[in-house]
Each structure stands twice: as C-alpha cells, then as structure tokens.
Number of protein chains: 4
Amino acid sequence: MEKIRLAQMGGGIGAFIGDAHRRGARISNRYELVAGVFDVNFERAKEFAQKEGIDSNRTYADIDEFIKGELQLSESERIEAVSIVTPNFLHYEMAKKCLENGFHVICEKPMTMTVEEAETLQKIVDETGLTFALLHTYTGYPLVRQMREMIRGGEIGEIQRVDAQYYQGWINPIVHNGEVEKVWRLNSNVTGVSSCMGDIGVHAFNLIEYTTGLETTKVLSDLNKIGNSVELDLDGTVLLRFNAETKGVIRSSQVATGEENNLTIAIYGSKLGLKWSQEDPNYLFVLSDNKPVERLKPGNPYLKELGIISHTMPPGHPEGIYEAIANIYTGAAKSIKGEEYFDGEFPTVLDGVRGMKFIHNVVESNAKGNVWISL
Amino acid sequence: MEKIRLAQMGGGIGAFIGDAHRRGARISNRYELVAGVFDVNFERAKEFAQKEGIDSNRTYADIDEFIKGELQLSESERIEAVSIVTPNFLHYEMAKKCLENGFHVICEKPMTMTVEEAETLQKIVDETGLTFALLHTYTGYPLVRQMREMIRGGEIGEIQRVDAQYYQGWINPIVHNGEVEKVWRLNSNVTGVSSCMGDIGVHAFNLIEYTTGLETTKVLSDLNKIGNSVELDLDGTVLLRFNAETKGVIRSSQVATGEENNLTIAIYGSKLGLKWSQEDPNYLFVLSDNKPVERLKPGNPYLKELGIISHTMPPGHPEGIYEAIANIYTGAAKSIKGEEYFDGEFPTVLDGVRGMKFIHNVVESNAKGNVWISL
Amino acid sequence: MEKIRLAQMGGGIGAFIGDAHRRGARISNRYELVAGVFDVNFERAKEFAQKEGIDSNRTYADIDEFIKGELQLSESERIEAVSIVTPNFLHYEMAKKCLENGFHVICEKPMTMTVEEAETLQKIVDETGLTFALLHTYTGYPLVRQMREMIRGGEIGEIQRVDAQYYQGWINPIVHNGEVEKVWRLNSNVTGVSSCMGDIGVHAFNLIEYTTGLETTKVLSDLNKIGNSVELDLDGTVLLRFNAETKGVIRSSQVATGEENNLTIAIYGSKLGLKWSQEDPNYLFVLSDNKPVERLKPGNPYLKELGIISHTMPPGHPEGIYEAIANIYTGAAKSIKGEEYFDGEFPTVLDGVRGMKFIHNVVESNAKGNVWISL
Amino acid sequence: MEKIRLAQMGGGIGAFIGDAHRRGARISNRYELVAGVFDVNFERAKEFAQKEGIDSNRTYADIDEFIKGELQLSESERIEAVSIVTPNFLHYEMAKKCLENGFHVICEKPMTMTVEEAETLQKIVDETGLTFALLHTYTGYPLVRQMREMIRGGEIGEIQRVDAQYYQGWINPIVHNGEVEKVWRLNSNVTGVSSCMGDIGVHAFNLIEYTTGLETTKVLSDLNKIGNSVELDLDGTVLLRFNAETKGVIRSSQVATGEENNLTIAIYGSKLGLKWSQEDPNYLFVLSDNKPVERLKPGNPYLKELGIISHTMPPGHPEGIYEAIANIYTGAAKSIKGEEYFDGEFPTVLDGVRGMKFIHNVVESNAKGNVWISL
C-alpha cells in the first residue's frame, strides 16, 4: 500500500509535539515524511532534516517556499498532506495556505487564535473537500471511542449529568519560581487568549462533545490566575448548558500541584454511567442501578467496532498515547485516500470551530463577571 | 470509666441512621443508651425499646414527655446527652428543647430547616455552654482529619484550588419508576428547601471548610431536577469563593447513575496537593511537584496525632464508616465530660449554621438565575 | 433481646486483640462483658475491670478461680460464653476448661499449640454440643462470604487454580534492629512451632478452605528465616494439593518490607475467577472469559444472602475489620442462642484442627527438605 | 541518521507478533524493513511484501534463499539485522544461519527449543561479536528498568523475598470448548516442552533475573494440566532458590479464567519493597518500613537515567507495550551501530540460555515428582 507523502510545519529539534506526531504517523504506517518547514531557524531545520533522513531539497525555509517548491513537483511526488505542529499563533496561516494549495491538513490544537480564523478554515475545508484532521489526541483512545459509540447508540439513555476534568500542576513551580517569562504558553501573543482553558480545558470540552454528541449552547465560567505574574487564566471552572435541560461542568487547572495529565470524563445517563481517565486509559467503567460495576478493557470482542479497531494488541497489553495519535492519523489517512471510515476516527475542522468558540466564550464569561454566554 | 447516659430521638425499628448512631456510640464505648422517643408510633417505640433492652419507663411518647420524665429523675440517673436522628424537620425543635433543659446534643445533619433556626441553636449553645455535636460523619475518618492537620499546619502552602464531589445515583430509578411520592427526602416539608445540596452537597461543603479552615464567602449555583416529577434539586454544581482570591467548586448529584457514595475532596496548595475519597477512605494521596505521589494509610506513626488517635487497628486493617461515627461520638464524649480534646474531633453547631447558609444560598443563587450570593 | 453474658480471658490493658474482640462484640450488640481473667497481673486486671465498668467480684486472678466463681452464680447470672484472647500457648488450657464447665467459647487463632490439643478440643465440642467459634477474622468480611456462596453454589465451575497471599513487613525492622527478643510472637514457647505460617499463613489457608470447601490433602513448603536471629520461619511458600487434580499455592511473609496486611485470595474456576484483597475489602472482582470484569460491592441486593446480612450500611459506605469481627460474634451468638444461622457465619473448632494440621505439616515439610506431607 | 536495514523472518499476513515487532521498530525510528521471508507460503509472502511496500526482489522463499540473495548485494545495500518472529521451533535454525552469515539478530522468545541449541547460539554470538537481542518485551517498560537500576544500585538493600506472577485465562475456553487441536502453542512439536512455563512463566523468570541480577540456582515445580486434552502444562508454581539464602516463587497460569496478561513482580529488600504490574505499567510502588508508599510514574526527573530515556512523553501521558518493544529495538540499534548503551537496554543471548534452562528444569522437576533441579 502506497504511503501518503507527508510534510511537517514545525516539529524540528527539541519540539516535543512534532516528535509525537511523527511517532503517531509511523505507528499508523500510512505516511512517509518527505518534506517540511521544520524550524524558523533554517540551519537548524536542515540539521533536523538530515538527522531524519529527509531530502535537503525538500527542506524549506518558510511556508511560502514550501508551497512553491512542492507545487513544482509532479503530483506523484508532491506531498499530499501537512502536519502542522508549530506554536499556536502560526496554525491559521499555515493551515490556510496548505488548504488553498490543495494539501490535506493534520493540525495540532488549538486550531487557530480566533473564532473568525476557525470559521474561515471551516469554509475553505467545506469548499475544497480536503481532509482536515485536528489533533484532539484523546479522541484516539479506544475506550473514548467506545464511550462515543455506547452513548450515541443510546445505551446509556438520556444524559443527566456531564462532568469533565483536566488537572495539571506543571505551571505551579513556574509561577512560584518566577519563571513565567520563559514559557511561551503563558504569552498571549503566542498562545492566544487563554492558557488553562485554551490548552487543556478545551480538551475536556472536546471530549464531552465528541463522546456525547451534545452541543454546548452556553457557558458560565469562573477563572483564576494565582497571583499577578501571569496575564492569562491558570485555573477555572465552567458551567455548561446543552440542548434541553442537560447541564454539565468542566474543571481545569494548570496549578493543581502534583497533577500530571489528569483528564477525566464522566457521563451519567438515565440507564448507565460511564467513567474514563486519561492516566489509566485502558479501563472504562460502566455503572448501573443495582448491578455490579463493569470494567471494560481494549482488545476484547465485547467492544463496539470503533473501539475494537483502535487497539491492535491482545487484551491486557496496554497501548498508550502514541497509539491514540496513530489512530487519528490512520483515520485521516482513510479520509485522504477516499477509503471508508467511521464517523469519529478523527476530529475535524468543526471540532476546531467549536473549541475556539468555547475558549473565547469562556474568557468572555469570566471577564463579564461570570455570566452566561451563548456559544 | 462511667458511661454517658444517652437518649435517642427517633431511630426506632427500621431506621437506618439511628442504628448507625447507636453502633458508633457502642464502638466509642463512652455511652449507654438508656432512654428515648424512638418512634412517632408509641407501640412501635416500646417494641423497639424492649428489643434493645431499654427500660420501658424511659421509653417516651414524645419529646415533652421525655423531658418531663427525665427531669424527674435524679441527676445521677437522668440522661446527659441526646442523639437526634429524626427526619430533618424535627431536628430543630428536638435540639432546642434538649438544650434548654440542660442536655448535650448529638444531632444528625442537616441541623435545621432554616438559617434562622440554626442561628437560634447556635445562640443557645453559646449561652448554655453545652456540647453540641453535628454528625457530619465524614469528618470522623482518620485521613480526613489528617488532611485538616496538614492543611491547617501549613504543609500544603497557600490553597490554590478546591474541588469536592458527592455523587450518588439512588434517586435515578425512583424518578424513572415514578416512585417519588414514597421518598420523604424528596418532600420539601420534611427535608427542607433542597434535596441534593441539602442531603449530600452540604457534606462536600462541610469537608472543604473542615479540612481547610477557609470560609466560603459567596456561592453561585446551577441546579438541575431531571424532569418535573420532583420539586427539589437532584443535581448541581456550585462555584465557591473564599477569602482573598481562592476559588473552588462543589459538584453533587443524586442521579449519577450507578454511583453509591462517591464523595471526594481534592485540595491543591502551592506546595502540595491532597486527595481523598470516601469509598476508599483508608488512602490519602499527597502530590507534589517533581516527586513521587505518596499514599498515606491509617495506623501509621507518620500521621499527625489527630489522625493517629482516630484509628485503633494496626496499619493495613481497614476501618470504616462506623468507626468514623464512633470517632465523633468519642470527641463529643470528651467535651461532655470536660476532658481535653482536639479541635476537629467533632463538628459543632457552627458547622450547622454554615451548612444551612450554604444550602439556602445555593438554592437562592439558582432561583435568581445563577448569580453570586454572599454567605 | 437479652444479651449473652460474656467473659474474657486476657485482653487487659494494652492488649490490642482483646480490645478488637470487645469492639466486635459491642457492634454485634448480642453480648455483655461481665467477667474475666484480664491479665496475669491481678492488680492490672482489676484496674482494667474498673475502667471497663466490670464488677470487681467477677474479675478473677486465674482460670480456675474464674470457673469456680462463675459456677457459684445462678444460671441466669453466670456467664454463658468466654472470649479467649491470651497469647497462643494458653488457648488450649483456657478453652478446654471453659468447655468442660459448660461455657461456649470464642477463641482467637491459632486455636492451640499442637494438632493433638486441637483434636482434643474438637472431641469435647462434639461431645458437649457447645458453640466454639474461632476468630479467623477475615471470614467475617461480607465479600469473603459472598465468594463462599458463589463458589459453593457452583457459579465459578470446577476450581482450576487457587492462590492466596498474606504479606506483612513488620518483622523486618525488628530483625534488622536486633529487637527479636522483645517480641513474643518470635518465641516458640509462646507462639508455637511457626511464626509466619502460624500467625498469618494460616489465615490464607483458612480463607481457601472457607471459601472453596476444598480440603487440602497435602502440602510442600519452602520456608525462610532471613538470617539467624530468629528461630522460626518469617517467610515462605506452600504448594497445596486438594482432592483430585486441583492445585494451589500460599505465599506468606513477615519481612515483605513495607507491606501491612496484604492478604489476598484468587480462586479461578472453569467458569469464573474471583479475586479479593483484605486491604480493599469492599470490592470483589469477578472475571470471566470474554466479558468485562465485574466489581461487586457490599450493601447491594445483587449479593447472596450471606453477603447481604454481613453489611448493614447502604452501598458505598465502607465497613471495616471490626464489622468483620462483629459478624463472627453475631454468628456465634445465633448458635449460642439456638437460632438459625448460615453455615459459614463463624469458623468452628474444625477450622482450628485444619489450621493446626496445616501449620505443623508445613513446618515438617520444610524440615524434611521440601517434601510432600499429607494433612 | 542512517537507518539499519532490517529483514524479518515470519511476520506475514495475520501474524500478530511480527506486526508488533515492526511497530516497535518504526517507533524506534532506527530501522528500515527492506527484506524478509515473511511466510512459508511464498505467494502470501509476496502479497504481504507488496502491501508493506517491500521490494519483491528481496522477498525470499526461505532462509537459504534469503541469505544467498542478501550476500550478493553490496554491503551498503545488504540487510544488517534480522527480526525473527516465526513459531518457536524455527527460531534456532533461523538465528544460527543469520549469525553465521554476519547478520545481527533480534529474536522473539523463547529463543530455541532446547538448552543445547541455546548454548550453541550463545557460543556463536560470543565468537562473532554480533548483536543478539531477545524480545523479552516487558524489560522494555521504563519502570521495569527503574526497578533494575534501584535494585542493582543497592537502594532496596539485601533481597529477602521474590515473587512474580503471570496469569492468563485464554486457554480456558479452548480447553472447555475442545479446540486444543487448533492452537499451535499447545503442540509440543511447534512450541517446545512447555506451554504455560515456556510461553509466559519464562517472562516472569526473566523479569526476576533482569531486575535483581540474582542468578537462580535451582527450581522445584508443581505443574498442572486441567484435564487430559492438552499434553503440556497450562498452569503451575515454581519455587526458586538464588545464591545464598534468598528464595522466591513464580506462579503462572493460562487457565486463570478472565485474566488477560496479569504479569506482576514484587521484590522485597531489607530496605525497600518494589511492586510493578504489566497491566498498569506506568506505576511503580516503593514500600518501606513506617513511611508512606511512593508511587513513581514515567517521564519524571526523579527516575534513574535508564528509566528516563525509556519514556519520551511528559509525565502523566501513558505509553504502552509498543513503546516497550521500541525501547528494546532502540537498545539493539545502539549496539549494532557501536554506540554507547546501558546494560539492560536489551535482553541478550544469555537471557535466552537462562530462559531455556528454566523451562527445561521446571518441566524436569515436575516430571520427577516436584524435586529440586539445579539450573
């Protein structure tokens, strides 16, 4: 099976998330990395390309050179898809230019800096019919996908309670040691209008909409900074309203001392409750009235098909986050190649628009004194 | 050591919570149950008394008979303390009359129906100097007490994030099977202005103030009913503000399908984070930046003294909720007998006032459209 | 309901296990402690009795005085049952004299020092028809009882694998700090022929036979001492053969550094596997081919009746080891009073005989070079 | 960095373990699969090669064709290393021929069918100086490596107790449904002298020697078959003796109903105890006398260097078994390329010899009536 020719924007030496995407692509086995703009520093970019075994002629200085160079190649040689893993503020321009020149896009989140940018990308994707996959990584875990299938298939009944959490503690020592300046994620010019909600709260939001299919209609937020050294939120709670009378809550913090990536989601329906935790991703708990709790594990035939195809080892052999990324890359590959795929095999540009609305409305609600804002 | 002569209001045949109090009192070994008004049905009350081996002459038809009868006895024979375990709406009258006649009170929560009643009791307790212990059961667990000592001793640093949860699912089948009428806890005349927040949310609130010493200054709530068959809240989220800039959240539900008594509390400070869960009460997790998580267990000499005295078995032998109740009864006994005791060995009438303010303000915030209400 | 008049042998000031029995008896609410030989030091015994509110006339200097004194009382006043909580080497004499004088016995384990003594007690119990309850505490946990009912009811199919563990670490610092002399449990004159297997390995053995109904036919052991400062085993593994072809293993240690009371049992049948752990006693895991793992919790109606009656709180409210002891005391009370009770509500003199055979044969197997010894 | 040219023996269409090796190699990013003998059926082999994008000229019909073909290529084109993932009985011949022709070998376990074959391979490796990596997969997990470094660095003190378990249940339905004939792992001609101990017990054995550095001096085993439909062991316990007085135990089963890959290891030293479980590989528990249990997680700077380099994600992002395989492939790559690497970055031919001795001696001990056999 011929591999998809992939380029990468960003992701050069020392870039953690770029490496993660490349690992995912390699596990997926559907891609071949052949070109890129790996670094703002062209010398470092070339050094990286050599290390990765990438043709120096296809290592470009910037996005415009990249597009120009690739378009000069024959269609059978030219890259087909671009993985965008730059800092947040560059996502929009990169994605827009790639799409406009006919390249499929696999983009790290958050998709853009503003809602308007997000909607522009959505429009281009709609018009071009190109594949746009947004790396909301956690949707790649098999048991998150199992949740989606169970909920959307009606197994848990009417949804009565939605609760998601994403707690980290890594900003805590940065704030207390006075190292805020060193961290680009705390700089609004690079990261956008929000730190905590923009970087991790939005993952919790995405998981809720991804698994339940509910559409959040309005939010009320209460954000926190922990002192004055940071201009952006580091912590907060968001009340959620969905269609009809369903309510929920998102809790998120980057100063929850000692937490690492404690992302959890609990969805309670009239028939069943479902609970999942990112740090123990290979367990899904199914709760019901007056029956023992069930603990599901990947690799078992009792799962839904989307859960089954997302784990390749026999049951009891844990897979991890790189396999989750790979599952999304595989879904995108199927779409790029025109193969059949499940709804839910990769988050789309729509998830990106929803996420940007969430982030901006959450910030606005807090700024206005914790009032409801419609998405 | 002579035992404290105890009476019980309510708690007769079939009354779960009355039995729980009696077990706690027996484990404590500081009390002797000698009198009571065990049931509104006097015949059933007498039947119960006989079964428990209680003198029929001290089994009374109502609170007034009880007081009259006991006051006729000599001081050395007369009861000294009263355990109040009736439905909520009777707590106030019972407690008031007991205090006014010189009896110490150990009262099930919620303390009263209204804030005014709560404040009246507080005034009487202040004036009489009698012991008033409120059964916020979970404060009796050794590792909750350990949390209190660590936080109040400054070990976790400045508090940055407060998050407590109390999820149950038992109302779910009641709502969906149309059995709401059968449950007194869903009747506002008996239970008060709130179901979920009044019965369990208030436990989460109490644990927060008990462990941290923070005083909640205002609340913003979003409550939910799940259909129209119940007049009271069955689910909700409460945003909390404390002194200064500290924020928190309480999440509570009685329709979280399949949950039993999933009460959790997480307090993150600038130095350490602490996490505890009621269904696994014999573990306390201590989180810090860049160090392994520590898991503390009762019975170990590395605990604070209040934690140590609250567990009598060697480490690795689990104690449970009856021992938590017993710990509170023991604390109350020390106070009744004028012995030294730790601050925190039993919740007081002040906890009751705080709890009633919480419940009423949470209901008001929701009714007014999710706005901040000062406690 | 009239309480059973109980005496206690041992259990005075500072005696942990005596206190545990008394707590269990109080929770059970079926007993009244009225007499005893609480200490070898009569002054300390009297001091203890006063503290507990026990009649000084019924506080005796030794077992013979005790029997003489009690027999002089009327039948309606005389004690009915005796709780024996002395160091091991006194159990036999105490139990024998009590039984021979018509008193029911509730005895701490191990029952005796030798198999012969155990068989003598069995004979006396058979002849007198008196109740003899042996405190294999862990059989009092509701989910251990649930295991028994499921296995004996055939739900797990034919048993294919038996694995039990009891790991502690408390002897480790004693050995390494040279404090062996201070610990009576390491003195064979007081404790018997084995330390690790006699004190805790036998609990694992008892749980296996209690839950499965299998009879161990032979054992092969490999014991360990960790240096030469202790004359008895501190660690070991025992291979087990049951009727037919079923095999199993017991692993036990008192020098498993950092372990507290890590007793576990796993029974795998042809249809289901069951797993339980003493430090998390409120979970029972049920495993099957190709189905999610089920996690059972006490207080739920889906349990077997013996499991249901052994937990009084609603589900999600943990009970602990004192309630397990209380459950055994309650079972013994039913037997003493001639009430109906479940097979399995208390371990009997037969469990004691089995346990003594296990301990002695395990020691013999090791001494003979790890060979099979028939029980 | 130039990739190592890799061939694969076996691993064609439908071969689970071959796919796992290839994923590991891709994650490692140090290899390029360029040739192989993928299937005994040459047509299927070619179909597989096409699907994987492998040159049809380098897809060979058998090992001899493979060697002949590759040797005709220039050194810069010729494969450098071979991944052997055939059924067990072919490992030896494949490995021997590869080594004798100058190719490095990465071999699935068990290494051979007999001890003699294993020792022959060891001799060839010694003589040629080629790299031989044995895929004892679980040694690739970061926290297993952390255990190794802590134990070998003396942090846990003298080892006092060793306990490892590998429980699976997958053979259970096969035995009870009469499908034994269909499973090559139950056929001694293909799999060797043991099923349970040869396939999984040996992993537990390897983990013990890998982490502790102890050398097992003798074994005493008790194996089980569960009926007569299988000629090989499906379950068993092995007593272990190490140098000096240290003892241990391995428990393993393929009929532990409902277990998936429940491999655990617990090593107790005089100072610390360490516990790890394969199904929750991202936690390592460190136990000590009188201190809280510590829970270590990968990605943290508090780990030893070998632990740190074996996990690339930030802490709290779980990696899984494919990353463990990749870590071993990376270690082998360093050795192949003459780079520096840690002792322990891949299991060697010596682990293979030890494993074969273990398997054969365990079978012999059982056959002789559960007697000690020296390794």
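This briefing covers the fold of chain A and the contact between chains B and C. The model is a predicted one. Chain A is made up of 375 residues, of which 62% count as buried. Chains B and C superpose with an RMSD of 0.0 Å after a turn of 180° and a shift of 0.0 Å along the axis. The two copies are thus related as by a two-fold rotation axis.

**Chain A: fold and dimensions**

- The secondary structure of chain A consists of 12 helices and 14 strands.
- Chain A has a radius of gyration of 21 Å, which agrees with the value near 21 Å for a compact globule with 375 residues.
- Along the principal axes, the C-alpha atoms of chain A occupy a box of roughly 65 × 50 × 40 Å.
- Among the contacts in chain A with a separation of 6 or more, 69% join residues 24 or more positions apart.

**Chains B and C: symmetry**

- A turn of 180° with a shift of 0.0 Å along the axis lays chain B on chain C.
- In chain B, Gly320(B) has the C-alpha nearest the axis, at 2.3 Å from it.

**Chains B and C: contact**

- Chain B and chain C each give 25 residues to the contact.
- On the side of chain B that touches chain C, the elements giving two or more residues are helix H1 (16-28) and helix H11 (321-336) of chain B.
- H1(B) supplies the largest share of that side, four residues.
- The residues on this side of chain B comprise eight nonpolar, seven polar and 10 charged.
- Of the interface residues of chain B, 96% are also interface residues in chain C, so the copies meet through the same surface.

Definitions and conventions: Residues are numbered from 1 along each chain as its sequence is written. Chains are lettered from A and ligands numbered from 1 in the order in which they are written. This is a predicted model: local features need pLDDT of at least 70, side-chain atom pairs count only at pLDDT 80 or more; totals for chains, interfaces and linings use all residues. Copies are superposed by least squares on the C-alpha atoms of residues with pLDDT of at least 70 in both. Two residues are in contact if their C-beta atoms, placed from the backbone, lie within 7 Å. Ala, Val, Leu, Ile, Met, Phe, Trp, Tyr, Cys and Pro count as nonpolar, Asp, Glu, Lys and Arg as charged, and the others, Gly among them, as polar. The radius of gyration is taken over C-alpha atoms; the globule rule is 2.2 Å times the number of residues to the power 0.38. A residue is buried if 20 or more other C-beta atoms lie within 10 Å of its own, exposed if 12 or fewer, and partly exposed in between; C-beta atoms are placed from the backbone.
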